[in-house]
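Open the model in your viewer and keep the selection panel at hand. Which parts are worth selecting, and in what order?

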Amino acid sequence: MKKLYVASFSYLILGLLAGIFYREFTKASSFTEPTMLSGLHTHILTLGFLFLLILLLTSAASRLTEHKHFTKWLYFYNLGLLWTIITMAIRGVLEVQGNDIPGFNHIAGTGHFLLGLGLIWLMLL
């Protein structure tokens with residue numbers, strides 16, 4: 001249960017920092033168009049902080065953390081989430097700077113695919 005608490009709290013801090021970064025980076029660049037950075041804050045807070053906090057709160061009743069594959073699942077889920085966060089941040093910064101990498105959306109989509117697999121795995125646990 002401590003791993004869930006630490007991960008959830010870490011994503012809370014990261015999500016808040018992402019919101020500040022989005023606001024300040026776009027303001028400093030005088031950028032007013034929609035960008036991937038605007039969704040980064042909510043992705044981190046929802047999929048990281050809130051989702052893991054709900055798992056923490058329900059883990060006592062479900063005994064989920066006692067499952068032998070729970071730690072593997074948690075690492076896998078975090079890999080997918082961090083992949084998604086990093087690629088969204090890179091793409092958002094590139095958008096603000098007026099650059100783009102062809103095919104980068106497929107690389108970013110891999111993180112969402114891993115998250116989807118992680119959610120299915122969680123339901124199987």
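What follows is a tour of a predicted model, stop by stop.

**Stop 1: helix α1 and its nonpolar patch**

Select residues 2-28, which form helix α1. Show the side chains of Tyr 5, Val 6, Phe 9, Ile 13, Leu 17 and Ile 20. Together they make a nonpolar surface patch of about 560 Å². Now pick out Ile 20, which belongs to α1. Is Ile 20 buried or exposed, or does it fall in between? Ile 20 is partly exposed, because its relative accessible area is 43% and the partly exposed class runs between 20% and 50%.

**Stop 2: the charged group on α1**

Next select Arg 23, Glu 24 and Lys 27. Side chains of opposite charge can pair when their charged atoms come close. Start with Glu 24 and Arg 23: their side chains meet in a salt bridge, at 2.9 Å from N to O. Then turn to Glu 24 and Lys 27. Here too the side chains meet in a salt bridge, with an N to O distance of 3.7 Å. How far apart along helix α1 are Glu 24 and Lys 27? They are three residues apart, so about one helical turn separates them.

Colour the three by accessibility. Glu 24 is partly exposed, at 33% relative accessible area. Arg 23 is partly exposed as well, at 47%. Lys 27 has 55% relative accessibility and therefore counts as exposed, since the cut-off for exposed is over 50%. Salt bridges with shared partners join Arg 23, Glu 24 and Lys 27 into one network.

**Stop 3: the loop after α1**

Move on to Ser 30, in the loop between α1 and α2. Its relative accessible area is 64%, so Ser 30 is exposed. Check the backbone here. Most residues other than glycine have a negative phi. Ser 30 has a positive phi of about 50°, although it is not a glycine.

Now add Val 96 to the selection. Which separation do Ser 30 and Val 96 show in sequence, and which in space? They are 66 residues apart in sequence, and their C-alpha atoms are 9.0 Å apart.

**Stop 4: α1 against α2**

Select α1 and α2 together and hide the side chains. The two axes come within 8 Å and cross at roughly 165°. The angle is over 145 degrees, so α1 and α2 are roughly antiparallel. The crossing of α1 past α2 is left-handed.

**Stop 5: α2 against α4**

Keep α2, residues 37-62, and add α4, residues 104-124. How are α2 and α4 oriented, roughly parallel or roughly antiparallel? They pack at an angle of about 15°, with axes 14 Å apart. They are therefore roughly parallel to each other, because angles under 35 degrees count as such. α2 passes α4 in a left-handed crossing.

**Stop 6: Ala 61 in α2**

Stay on helix α2 and select Ala 61. Ala 61 counts as exposed because its relative accessibility is 73%. Draw a C-alpha distance from Ala 61 to Thr 84. The two residues are 23 apart in sequence and 30 Å apart in space. Compare this readout with the one for Ser 30 and Val 96, whose sequence separation is 66 residues and whose C-alpha distance is 9.0 Å.

**Stop 7: the loop after α2**

Step along to Arg 63, in the loop between α2 and α3, where α3 covers 70-97. With a relative accessible area of 53%, Arg 63 is exposed. Look at the backbone again. Arg 63 has a positive phi of about 55°, although it is not a glycine.

Add Glu 66. Which residue does Glu 66 form a salt bridge with? The partner is Arg 63, and the closest N and O atoms are 3.1 Å apart. Both Glu 66 and Arg 63 are exposed.

**Last stop: the salt bridges together**

Display the salt bridges in one view. The count comes to three. They are Glu 24 with Arg 23, Glu 24 with Lys 27 and Glu 66 with Arg 63.

Note on methods: Residues numbered from 1 in each chain as written. Predicted model: local features only at pLDDT ≥ 70, side-chain atom pairs only at ≥ 80, totals over all residues. Heavy atoms only, no water. Patch = residues over 30% accessible without salt bridge, like charges linked within 9 Å, V, L, I, M, F, W, Y side chains within 5 Å. Areas by Shrake-Rupley, 256 points an atom, 1.4 Å probe, with all protein chains shown as cover. Salt bridge = Lys/Arg side-chain N within 4 Å of Asp/Glu carboxyl O. Helix = DSSP H or I, 4+ residues; strand = E, 2+ residues; numbered from the N terminus. Buried < 20%, exposed > 50% of the residue type's maximum accessible area, 1.4 Å probe, protein only. Axes fitted to C-alpha atoms, helices over the stretch in contact; angles between N-to-C directions. Parallel < 35°, antiparallel > 145°, perpendicular 65-115°, else oblique. Left-handed = near helix turned anticlockwise from the far one by under 90°.
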